[in-house]
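Student: Could we go through this structure together, so that I learn how each label is earned from a value and a cut-off?

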Amino acid sequence: MKYKAKYSAFGSYVPDKVLSNFDLEKIVDTNDEWIKSRTGMSERRIASDEQAASDLATIAAQRCIENSDIKYKDIDLIICGTISPDHAFPSTACFVQKNLGLKGIPAFDISAGCPGFIYASDIARQFVENGTKKNVLVIGVEILSKIVNWEDRNTCVLFGDGAGAAIISRAQSNDISQIIDSEILADGNYTELLEQPAGGSRMPASEDTLKENLHTVHMQGNRVFKLAVKSMYSTSETVLKRNNMEFNDLDWLVPHQANMRIIESLGNKMKINNEKVIVNIEKYANTSSATIPIAIDEAIRNGKIHRGDVIHMVSFGAGLTWGSVLFRY
Ligand code: ACO
């Protein structure tokens, strides 16, 4: 490793439209009590008909750059984690590049389910550490409201829309901020637990796939739930152990916001004080790859997270994929 990498800044954007649990009661056979007690969610944000993933990502990126002392022209790579891109191709990152007016730099997407931001961060970190890039714009963005089945109460109540961005930069030798370690993992034996079955080369779009709602999110929630805590705990333990740290050494745990019961089980297993766990699932529900950068940006703006704090981000999702990043902000 030639250099150290650090998170220079975060930024986020959520659409204005709020969809509450009470609004959902009018759409599917559900109720506020069930959603709150089973998931911890009260409301979520929904993108407008005109907004695509790159529109949300662009605003989050602009806010992130404005929160930093980095100039637009100094961004030298864009990586976007998303499973609800503008198009299957070209990549959402290319639209963001155009929107930001950045020319002559590479831009690509990562499809890693909810850990999209963690995967993108792990990749960006390596570009910076080996000296190839200096300021990588890393984004997690989703508009899952456009790919859920609004007649399926098992899934449609769980998701929301939003974007979070960060810049991973080369750290100076005297910098307190640095990415300490990260890990990304996958197990392709569980691809059927969480998927959008149609629309790709396995099951191209047809009248039948449309009729059968196969272009929407299909999830075996119960099975995902069981694997979530196990996988998030194991990557966290690995990363902390190899840096001679314990869960108690963390200032903040920022877990993927998929279900409050998963977050609580993980926190209990880690024996970490609840107050050190950043949670905003109540307001935004599960925004997949965007949950972690949105939560961190909000916690910085609220004065919770400060420069020098030790933070562990951990996520899991479709693939199955999981991973974590340990850093000093
Ligand atoms: N309102 C009312 N009742 C409901 C609803 C709803 N919205 N949804 C399901 N139910 C019912 C079910 O039909 C079932 O009824 P039955 O017993 O009569 O059959 C009952 O509630 C219990 O259903 P379960 O699925 O067993 O409920 P569970 O407690 O497991 O909660 C949930 C479901 C919230 C989906 C949970 O399993 C979960 O959070 N799983 C993990 C999801 C996740 O983290 N996904 C990964 C990230 S997403 C990504 O990568 C894109």
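**From values to labels**

Student: Why is Lys 241 called exposed?

Tutor: Lys 241 has a relative accessibility of 57% and therefore counts as exposed, since that word is used over 50%, whereas buried means under 20% and partly exposed lies in between, all with a 1.4 Å probe and protein chains only. Before we go on, note that this is a predicted model, in which local features need pLDDT of at least 70 and side-chain atom pairs count only at pLDDT 80 or more, while totals for chains, interfaces and linings use all residues. Residues are numbered from 1 along each chain as its sequence is written, and side-chain values use heavy atoms, with hydrogens and water left out.

Student: What makes Glu 237 partly exposed?

Tutor: The relative accessible area of Glu 237 is 29%, so Glu 237 is partly exposed.

Student: How do you know that Lys 241 and Glu 237 meet in a salt bridge?

Tutor: A salt bridge requires a side-chain nitrogen of Lys or Arg within 4 Å of a carboxyl oxygen of Asp or Glu, and for Lys 241 and Glu 237 the N to O value is 3.8 Å, so the pair satisfies the rule. The two residues are four residues apart in helix α8 (residues 221–241), and therefore they are separated by about one helical turn. A helix here is a DSSP run of H or I with at least four residues, a strand is a run of E with at least two, and both are numbered from the N terminus.

Student: Which residues are joined into one network by salt bridges that share partners?

Tutor: The network consists of Arg 125, Glu 129, Asp 181 and Arg 242. Within it, Glu 129 forms a salt bridge with Arg 125 at 2.9 Å between the closest N and O atoms, and Arg 125 forms another with Asp 181 at 3.8 Å. Glu 129 and Arg 125 are both buried, and because they are four residues apart in helix α5, about one helical turn separates them.

Student: What makes Asp 208 and Lys 211 a salt bridge?

Tutor: Their closest N and O atoms are 4.0 Å apart, and Asp 208 and Lys 211 both lie in helix α7 (residues 207–211), three residues apart, about one turn of the helix. Asp 208 has 46% relative accessibility and so counts as partly exposed, while Lys 211, with a relative accessible area of 64%, is therefore exposed. The structure holds 13 salt bridges.

Student: Why is Glu 298 called buried?

Tutor: Glu 298 has a relative accessibility of 10% and therefore counts as buried. Glu 298 is placed in helix α11 (residues 291–301), and, not counting residues up to four places away in sequence, Glu 298 touches Asn 280, Lys 283 and Tyr 284, where contact means heavy atoms within 4.5 Å.

Student: What is the relative accessibility of Val 157, and why does Val 157 get its label?

Tutor: The value is 0%, so Val 157 counts as buried. Val 157 sits in the loop between α6 (153–156) and β7 (161–171), and its contacts beyond four places in sequence include Leu 24, Ile 35 and Met 41.

Student: How do you know that β1 and β7 pair?

Tutor: Two strands pair if DSSP finds at least two bridges between them, and β1 and β7 have nine bridges in the antiparallel sense, so the condition is met. One of the bridge partners is Arg 170 in β7, which faces Ala 5 in this pairing list. Strand β1 (residues 4–13) is mostly covered, with nine of its 10 residues buried.

Student: What is the strand order of the open sheet of four strands?

Tutor: The order is β8-β13-β12-β11, with mixed pairing. The edge strands are β8 (178–186) and β11 (252–255), each of which pairs on one side only. Four bridges join β11 to β12 (residues 310–317), and these two strands run parallel.

Student: How many residues of domain 1 and domain 2 are in contact?

Tutor: In domain 1, 52 residues are in contact with 49 residues of domain 2. The bounds, 4–171 for domain 1 and 178–328 for domain 2, come from an automatic or database domain assignment. Across this interface the rule finds one salt bridge.
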